[in-house]
Amino acid sequence: MVSISTVSTKPFGFGGKPHKPQPTVENTPRIYIGELRGAARLPLTAFAREATISILVNGKPETLDVVCDPRNFGGDGQRFFLCPACSRKVQHLYLRDERLACRRCAGLTYRSQHTKRRGLHRARDLRRKLGASEELVIAAQLRDMVVRVRRRLKHDRYRDRYSNRARTVR
Ligand SMILES: [Zn+2]
């Protein structure tokens, strides 16, 4: 019998900040209709398009409805779970809060969606860090500029004094 159970997922995060992982398609235990091939083949023929199968959910037996898509009956037929919550035909069922449900009913998103958002956060953090270092660079440049200006003023004063003297001599 096919079984599914809750697995503990470690918290992950960037910069050592641990945060609770968002439930995603990737980190939620799931069952795939393809795994039930052996279990679901016999009852699913052209004569029996629906079947109820047993599955162990966290060790407890539960029943699931499996259907065969008549459109694909030319071949082996495409099998689907019926989501216990919304009865949609799906190939994957996810285990959340001790219940099996389709991706939508389980309220799951794909990790890529989070990664994109996290990428934005990282970009913002990076910009912030860059902004800080930019300020330092600007401060250093200003200091250099002040030194240069002072030096030039000194030089100019010297040159002026010299040229004044030159003028007075003339
Ligand atoms: Zn559903």
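Which residue in β5 is the bridge partner of Val 66? I looked this up before anything else and found that the partner of Val 66 is Phe 81.

**Entry 1: ground rules.** I am working on a predicted model, in which local features need pLDDT of at least 70 and side-chain atom pairs count only at pLDDT 80 or more, while totals for chains, interfaces and linings use all residues. I number residues from 1 along each chain as its sequence is written.

**Entry 2: overall make-up.** I count two helices and eight strands in the protein, taking both as DSSP runs numbered from the N terminus (helices H or I, at least four residues; strands E, at least two). Read from the N terminus, the elements follow the order β-β-α-β-β-β-β-β-β-α. Of the 170 residues in the protein, 12% are buried, where I call a residue buried if 20 or more other C-beta atoms lie within 10 Å of its own, exposed if 12 or fewer do, and partly exposed in between, with C-beta atoms placed from the backbone. Among contacts between residues at least 6 apart in sequence, 45% join residues at least 24 apart; a contact here requires C-beta atoms, placed from the backbone, to lie within 7 Å.

**Entry 3: the sheet of five strands.** I traced an open sheet in the order β1-β3-β4-β5-β6, whose pairing is mixed; two strands count as paired if DSSP finds at least two bridges between them. The edges are held by β1 (3-4) and β6, each of which has a single partner strand, so one side of each is left without a neighbour in the sheet. At one of these edges, β1 pairs in the parallel sense with β3 (residues 50-57) over two bridges, and there I found Ile 4 opposite Val 57. The bridge from my opening question belongs to the pair of β4 (residues 60-69) and β5, which is antiparallel and has four bridges.

**Entry 4: along β5 and into its hairpin.** In a regular strand the side chains alternate between the two faces of the sheet. I checked β5 for this and found that Arg 79 and Phe 81 point to one face and are buried, whereas Gln 78, Phe 80 and Leu 82 point to the other and are not. β5 also runs antiparallel to β6, to which two bridges join it, and Leu 82 has Lys 89 in β6 as its bridge partner. The two strands form a hairpin with six residues between them. Within the loop between β5 (78-82) and β6 (89-90) lies Ser 87, which has a positive phi of about 65° although it is not a glycine. Ser 87 is exposed, with 12 other C-beta atoms within 10 Å.

**Entry 5: the sheet of three strands.** I then followed an open sheet in the order β2-β7-β8, with antiparallel pairing. Its edge strands are β2 (30-32) and β8 (99-101), each pairing on one side only. On average, neighbouring strands of this sheet are turned by 25° against each other, direction ignored; the axes are lines fitted to C-alpha atoms, for helices over the stretch in contact, and angles run from 0 to 180 degrees between N-to-C directions. β7 (residues 92-96) pairs with β8 over three bridges, and Arg 96 stands opposite Arg 99 in β8.

**Entry 6: Glu 98.** Is Glu 98 buried or exposed? I found Glu 98 exposed, with 10 other C-beta atoms within 10 Å. Glu 98 sits in the loop between β7 and β8 and has a positive phi of about 70° although it is not a glycine.

Definitions and conventions:
Two residues are in contact if their C-beta atoms, placed from the backbone, lie within 7 Å.
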